[in-house]
Structures are given as C-alpha cells and as structure tokens.
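Work through the following exercises with the sequence and the model side by side. Each task is followed by a solution that proceeds step by step.

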Amino acid sequence: MRTLRTPDERFDNVPDFPYPPSYCEVPDGDGGALRVAWVEDGPRGADPVLMLHGEPSWSYLYRKMIPILAAAGHRVVCPDLVGFGRSDKPTRREDHSYARHVEWMRAVAFDVLDLRRVTLVGQDWGGLIGLRLAAEHPERFARIVVANTGLPNGEQPMAEVWWRFREAITTAPELNIGWFVQGGCRRPMSDDVRAGYDAPFPGDEYCAGPRAMPALVPTSPDDPAAAANKAAWAALTESPTPMLVAFSDSDPITGPMAKIFQRQMRGAQGIEHPTIRGAGHFLQEDAGEELADRIVEFLSR
C-alpha cells in the first residue's frame, strides 16, 4: 500500500488548535503499517471521550469542544481517520474500505490506547465507524453520543443532496476541502479556518481518502458493509448503553435519523435529547461550544 504523509509544516499555522499530536502504527491490512495521529487533552486517568470526525474533515473539527470537555474533567481523545489530518494517506481509493476504517480505529482505540469506559462522540463517518465499534465491542463503551450521523445498511434511500455531494467530491478535478466543509455549515468561516481544513491536503494526490469515503457508504443491501451494519444496528437497538441524540436543526443529509435513533434505541429512552439550533451538517464547527456543553450535562447525569 503506497501512502503519503502530510509535511508537519502544513499544520504550523492552523488557528486555535494548540494540541501536539501523538502517533502510533497500526497494520494496514496489506502487509504494512500506517501511522495514525491523535490529539488529546484532560486528565489521563479520567474516563475517555473518543471523538471521531467524518468526511472530509479531521480532528480540527473538534477544536471548540476539546477544551470544554477537558475543563469538565474528561480525558478527550480525537484521532485523525486514515487518509485525513496528520494520519497517513493511502494514495489509491481502492485501498479504503469500510471494514478497514473500522479496524484501523479499533486498533488505535483498543490495541494502542486500551480505552475503556469510553464515551463515543460520532458525527458523519465518525458515527458510521464509531457505532460499529460500540456494537461490536460493547464492553468498552459506557455512553454514546450521536450527532448528525447514521448507520446505513443499504435499505434506506439516501438524500438527494448527499448524492450531489458524492458526485462532486468524487469527480471534481481538484478538491478544495475547506470549501466543502463550509458548504456543510450554516455560519461563515474565516479564511484562516478554511485553510485549517485544507492543511492536510497539499495536493490532490493526498485526497484519495476524501474521494473514496462517499462510495463506501452502503447504498444497496448487497454492499460489502451492509450486513455488518445491519447486525450492528440490531445490537445497538437492544443495548442498555445510554445514548444522547444531539443533532442540529439544519442538516439535510442526516437530519431524519435523529427521530429514528430516539425512537429505536433502547439506550436513548428516558433521555432529554437536544436540538442544536442554527447549525448545519458540521455542527461542531457551527455550534461546537453548545454541543460540548450538552455532552458535559449528559456525562454528569
């Protein structure tokens, strides 16, 4: 597996992200190894909050939330998915699969960091990956927070806006990642912040991950990941693990999933679920402070 590694200096001027990265190596599934990056803050002995980003962002998406959760006494761990952020970037789209991304994050969270009593925070692909981990390793998880995400198994139709996004990001001659993130927000971002989202991708040869991910979402029942996702959903519906459903009010892609999570998940019953107002798909960017406050309240119960 051929990979690229974003030069460190690309991250020197990323605003409001003072966290030094940590690194580990995990098997790439092809006989080699991948370097995966993460940042963390808060007391090392506290129960961990594992915050997983999605497509096409990186752990920078959580910069408004990390200090709030750490100040509340929680250990916050934010990895960069393979192909994103400071993590290694396989250069071929076919090197990416749903199963590999689940395994790569499992190896980081459990084999390397040995996280236990985890609170998962998953948005976008962070939920698609994190919910698989929570379903397949329930003994590791104490709580779950779902935020603008889902667990598709190919039996539900995808929103038309998602199909347009998939077409755009897979076929554009060049990718401007910052503008794709801005397009999923309700509030304007500064030039410096957009550049922060661009930082991991100095050229299109680094963008196989962002280009590959939309095609990995199961859109038919015979998709390679459909059966595993269906099994994970069935396990989660019966799981007593408390689940907070914290969606925004303006996400045309995953918005309908909020009521489904609230209605079908055993762990979501009897919990007051917030709606984050004035926020789009990337609610961490639009209203990260409010989302973090709601998670702190959830964890204090």
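**Exercise 1.** How many of the residues of helix α7 (residues 208-216) are buried?

*Solution.* Note at the outset that this is a predicted model, in which local features need pLDDT of at least 70 and side-chain atom pairs count only at pLDDT 80 or more, while totals for chains, interfaces and linings use all residues. Residues are numbered from 1 along each chain as its sequence is written, and side-chain values use heavy atoms, with hydrogens and water left out. Helices (H or I, at least four residues) and strands (E, at least two) are DSSP runs numbered from the N terminus. Buried means under 20% relative accessible area, exposed over 50% and partly exposed in between, with a 1.4 Å probe and protein chains only. By this criterion 8 of the 9 residues of α7 are buried, namely A208, G209, P210, R211, A212, M213, P214 and L216. As a last step, look for what covers them: β6 (89-90), α2, α3 (125-136), α4 (160-171) and α5 (177-183) are included.

**Exercise 2.** Describe the setting of R106 in helix α2 (residues 98-112).

*Solution.* Begin with accessibility: R106 counts as buried because its relative accessibility is 16%. Next, list its contacts (heavy atoms within 4.5 Å); not counting residues up to four places away in sequence, R106 touches D111, L133 and H137. Finally, the side chains of R106 and D111 are joined by a polar contact of 2.7 Å, where a polar contact is a pair of N or O atoms within 3.5 Å and, within protein, one atom must be able to donate a hydrogen and the other to accept it, residues adjacent in sequence counting only if both atoms are side-chain atoms.

**Exercise 3.** Which residues touch the most other members of the largest nonpolar core?

*Solution.* A nonpolar core is a set of buried Ala, Val, Leu, Ile, Met, Phe, Trp, Tyr and Cys residues joined through side-chain atoms within 4.5 Å. The largest such core has 97 residues, of which M51, I66, W125, L131, M243 and F261 touch the most other members. Its largest share, 8 residues, comes from α2. To follow one of these residues further, leave aside neighbours within four places in sequence; W125 is then in contact with H53, G54, E55, L81, Y98, G130, M213, L216 and V217.

**Exercise 4.** Find the unusual backbone geometry at P56, R117 and N148.

*Solution.* Most residues other than glycine have a negative phi, and most peptide bonds are trans. Against that background, E55 and P56 are joined by a cis peptide bond with omega about -5 degrees, and P56 lies in the loop between β4 (48-52) and α1 (66-71). R117, in the loop between α2 and β7 (118-122), has a positive phi near 50 degrees, and R117 counts as partly exposed because its relative accessibility is 47%. N148 lies in the loop between β8 (141-146) and α4 and has a positive phi of about 55 degrees; with a relative accessible area of 0%, N148 is buried.

**Exercise 5.** What does the UniProt annotation covering residues 48-165 say?

*Solution.* The unreviewed UniProt entry gives "domain: AB hydrolase-1" for residues 48-165; UniProt positions are given in the numbering used here, feature names are shortened, and annotations may be inferred rather than shown by experiment. Over this range the chain is 33% helix and 19% strand, and the end C-alpha atoms are 33 Å apart.
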